[in-house]
Amino acid sequence: MYYLTPLFIVSLYFLSMIFKTAAGQQIDQRESEVIGSTIIVNGVPLPVSPSNFGEADLNISITPGRHFASRMIGGGTRADIYGTHLYGSGYPGMSTPGVKGRGFPFFYWPVSYCKVQYHDCGDDPSAAINFLYTAEYGKPANSSRPGGPLTTAQFHSKISNSTYHLLADEGTIHSLISSVQSNCSPLLSGTVSTAPYNGTNSSPEEAVQYYRASSVVLALSDFDNSCSATAGQLYGSLPTGTDLKLLQCLNSMVGQTVPLADATKLIELEKAKKLVVFFMILVLIVMPSINHLRMIR
């Protein structure tokens, strides 16, 4: 047994480090709780920042007991931010519309639309557009959503009647407002206003561009892209007089500065788990040999 002591010590050390990390970083079951510029993923607080690039090498599953357990998370980078005008775009390697059953490459949930005539945010009885109105990700005010409840921000053009909306979680919206005001202010008129999303202050028919696995959407008031509501591939014409410079600036700022999570802590935790498994297997392999040597002595 003396031969096994170093192996046991090392194995127990890594195992204790895992439990210590989990205990120290575990916040609660609300894996999306915002703590400053942080979101909670698998119980681990991850810092989010406009300067983060994402983690291409991370692709793990959500742990049991949490929302969407067993679904895959991670793997998205800033290079994968841009989607199209279709709901369900912005997922790396995916091109079909809809978000049903999907993982979370950027850790954030896709936006959840409300259909006002049904007075709720849930499954739409209209099969043709059911992929837009689903209860799968909860209501917009759901506090479990990574980054907080869905929030809208309005940006008014200085040279036309164009009014753009950004729809995303609360944390993302406030971060993007700062970026837009710093870089697009000469194109803006008045103040930027925010409000909780209620189903009337943004609609999928007005969507111009989705980002970050459809967790952020840029919309234009009075834009009729109703083909998006039937999973069509045609792109509606922008209204006459649309401020394209402001559109370009907003689109650029979202792509460059939308907050992404730094998953270093999750990566370190996964590596520690693998090391523990390695040493435990090593112990199990060596133990029979040691016992055999002791017996022949």
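A polar contact is a pair of N or O atoms within 3.5 Å. The exercises below apply to a predicted model.

**Exercise 1.** Determine which residue places a side-chain oxygen by a backbone nitrogen at the start of α3.

*Solution.* At the start of α3, the residue that supplies the side-chain oxygen is Asp243. The oxygen comes to within 3.2 Å of the backbone nitrogen of Lys245. The cut-off for a polar contact is 3.5 Å.

**Exercise 2.** Check the span of helix α3 (residues 244-257) against the expected value, and state what covers its buried residues.

*Solution.* Helix α3 has 14 residues, and at 1.5 Å a residue it should span 20 Å. The end C-alpha atoms lie 20 Å apart, which agrees. The buried residues of α3 are Leu246, Leu247, Cys249, Leu250, Met253, Val254, Gly255 and Thr257. Their cover includes strands β5, β6, β7, β8 and β9, together with helix α2.

**Exercise 3.** Identify the salt bridges and classify the burial of each partner.

*Solution.* The cut-off is 4 Å from a side-chain nitrogen of Lys or Arg to a carboxyl oxygen of Asp or Glu. The count comes to two salt bridges.

1. Arg71 pairs with Glu136 at 2.5 Å, N to O. Arg71 is in the loop between β3 and β4, and Glu136 is in the loop between β4 and β5, 65 residues apart. Buried means under 20% relative accessible area, so Arg71, at 18%, counts as buried. Glu136, at 22%, is partly exposed.
2. Arg212 pairs with Asp169, with the closest N and O atoms 3.0 Å apart. Because Arg212 lies in the loop between β8 and β9 and Asp169 in strand β6, the pair ties together parts 43 residues apart in sequence. Arg212 is buried at 0%, and Asp169 is buried at 3%.

Technical notes. Residues numbered from 1 in each chain as written. Predicted model: local features only at pLDDT ≥ 70, side-chain atom pairs only at ≥ 80, totals over all residues. Heavy atoms only, no water. Helix = DSSP H or I, 4+ residues; strand = E, 2+ residues; numbered from the N terminus. Expected span 1.5 Å × (residues − 1). Buried < 20%, exposed > 50% of the residue type's maximum accessible area, 1.4 Å probe, protein only. Contact = heavy atoms within 4.5 Å. Polar contact = N/O pair within 3.5 Å; in protein donor to acceptor, adjacent residues only side chain to side chain.
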